[in-house]
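Please open the structure in your viewer and keep the selection tool at hand. The tour proceeds from empty spaces inside the protein to the residues packed around them.

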Amino acid sequence: VSTLTVTGATLEGRTVGVRCGGGKIVALGPGVSAEPGDEVLDAAGLTLLPGFVNGHTHAAMTLLRGCGDDLALMDWLRTAIWPREARLEPEDVYWGTRLACVEMVRSGTVAFWDMYWHAEEVARAARDAGMRVTVGIPIIEDDSGTGVGAGRDQVEATLARLEPWRGEHLEIALAPHAVYTVTPDTLSWVAEVAAARGLPVQIHVSETEGEVHDCVAAHGVTPAALLERLGVLGERAVLAHGVWLDDDELALIAARGATVVTNPVSNLKLATGRVFPYPRARAHGVAVGLGTDGPASNNSLDLLQEVKFLALLQKHAHLDPTVLPATEAWELLTGRYAPRLGATYPAVGERADFLLARVDEPELAAGDPVADLVYAATGAVVDTTVIGGRVVMRARAVADQDDIIGEVRRRAERLAAG
Ligand SMILES: [Zn+2]
């Protein structure tokens, strides 16, 4: 394995080199240069940035992009998504995830938290793309007659097959879909398995008002309180959405050290009718991260687009442009408020995950660098993506991109045809 050295990059106004070894950054600073035998990457005109972590997605849904757009959540799931998902073959998930990885790498994402069928194919695709992933093993017990479902035996079997893959590049999570599609009994079982094996639990929580009403009607408590009762709420819990969480729930989530991942574009597109209560969540001390949700409900995987929506939506909803200023939005995007999601900042001893962005792109040419990234740039400013000391994109070129696009086109057409 060769050692990568990046030379001539800009970091906060200085020219620096970055030397990587064993997947980590071993040297970083103005005096760092290549040593004989190193793979050398000339980063003149490029600025060094941390890689992004997508805290919640369903990557393979690139296959279902555009299916049932502009429908309400439950109509969308029942009429457009679940029937097609029932026809998914494992190889579909592999190629759909590969396409998502191309898009993520091209917009600066180095790691993603995924929740999707055929979890082993997600793992295989992320490995082949050179990305880090937390693979969520999905659990759904909905009996809507669509044929979708994954019970405990399936989960145990998938866990056993994925276990040998666990390491620096891959973590396994349990991913019960939501409190309205998984029974309390199974959620308790999830909590036990997760605790016994030290696994994270990903779950959609309080995405819609109807979900909250139904939960209170069925169980007498709000969704976060139900998760607390069942033992799911803890430091390893990653809660997607949280749009309708109330103050008691936010306090409880903060006390248990769980993470909430907000997905503003998906919430807007599906018209969830309220905005994630970000200022109150932070005031309670809740860990907050950012995700795109799946590419069928966004439909982009570009976190530099997502962070702009996040900041603008919070300002708009609170009638206050001082809410979530650019520096804070950047810190949120780069994982500062959600340590459990695994983002790192380029430094000696950290994972060698970083980006090189084009300073000469018009959007980054003048003005405040952070505000430019949050408000003006898209993922297209990213020139180079390095993950674990390996260059997975250089000059915006990703290996196998054309083959991947061809495969996904063919498979998406088959799924749409039924
Ligand atoms: Zn989701």
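Begin with the largest cavity of this predicted model, which holds about 280 Å³ of space. To find its centre, select H58, M61, L77, H177 and H204, the closest to that centre among the 24 lining residues. Next, colour helix α1, residues 73–85, which gives the most to this lining, with 6 residues. What is the character of the lining of the largest cavity, divided into nonpolar, polar and charged residues? There are 14 nonpolar, 7 polar and 3 charged residues.

In total, the model has 5 cavities of 30 Å³ or more. Rolling a probe the size of a water molecule over the atoms shows where such empty space is left.

Move now to the second largest cavity, with a volume of about 50 Å³. Select V53, G289, L290, L332, L333, T334, G335, L341 and A343, which line this space. Two elements, strand β13 (287–290) and helix α12 (326–333), each supply at least two residues of the lining. By class, the lining of the second largest cavity comprises 6 nonpolar and 3 polar residues, with no charged residues.

Turn next to the packed interior. The largest nonpolar core has 119 residues; select L64, I81, F112, Y116, L227, L239 and I253, the members that touch the most others. Helix α2 contributes the largest share of this core, 9 residues.

Keep L227 selected and display its surroundings. Which residues is L227 in contact with, leaving aside its neighbours within four places in sequence? They are V179, L187, I203, V205, V232, L233 and L239. Of these contacts, L239 is also one of the core members that touch the most others.

A second core, separate from the one just visited, has 16 residues. Select A9, L41, F354 and L356, which are among them.

The last stop is helix α3, residues 119–129. Select A119, E121, V122, A123, A125, A126 and A129, which are buried. What covers these buried residues of α3? The cover includes the helices α2 (90–106) and α4 (152–162), together with the strands β7 (109–115), β8 (132–139), β9 (170–176) and β16 (390–393). Helix α2, already met as the contributor of the largest share of the core, thus appears again in this cover. Finally, select G130, which follows α3 and has a positive phi, near 80°.

Conventions. Residues are numbered from 1 along each chain as its sequence is written. This is a predicted model: local features need pLDDT of at least 70, side-chain atom pairs count only at pLDDT 80 or more; totals for chains, interfaces and linings use all residues. Side-chain values use heavy atoms; hydrogens and water are left out. Buried means under 20% relative accessible area, exposed over 50%, partly exposed in between (1.4 Å probe, protein chains only). Helices (H or I, at least four residues) and strands (E, at least two) are DSSP runs, numbered from the N terminus. Contact means heavy atoms within 4.5 Å. On a 1 Å grid over the protein atoms alone, a cavity is a set of points where a 1.4 Å probe fits but cannot get out, and a pocket is an open set with protein on both sides within 12 Å along at least five of seven lines; lining residues have an atom within 4 Å of a point. Grid points are joined across faces, edges and corners, and a volume is the space filled by probe spheres set on the points. Ala, Val, Leu, Ile, Met, Phe, Trp, Tyr, Cys and Pro count as nonpolar, Asp, Glu, Lys and Arg as charged, and the others, Gly among them, as polar. A nonpolar core is a set of buried Ala, Val, Leu, Ile, Met, Phe, Trp, Tyr and Cys residues joined through side-chain atoms within 4.5 Å.
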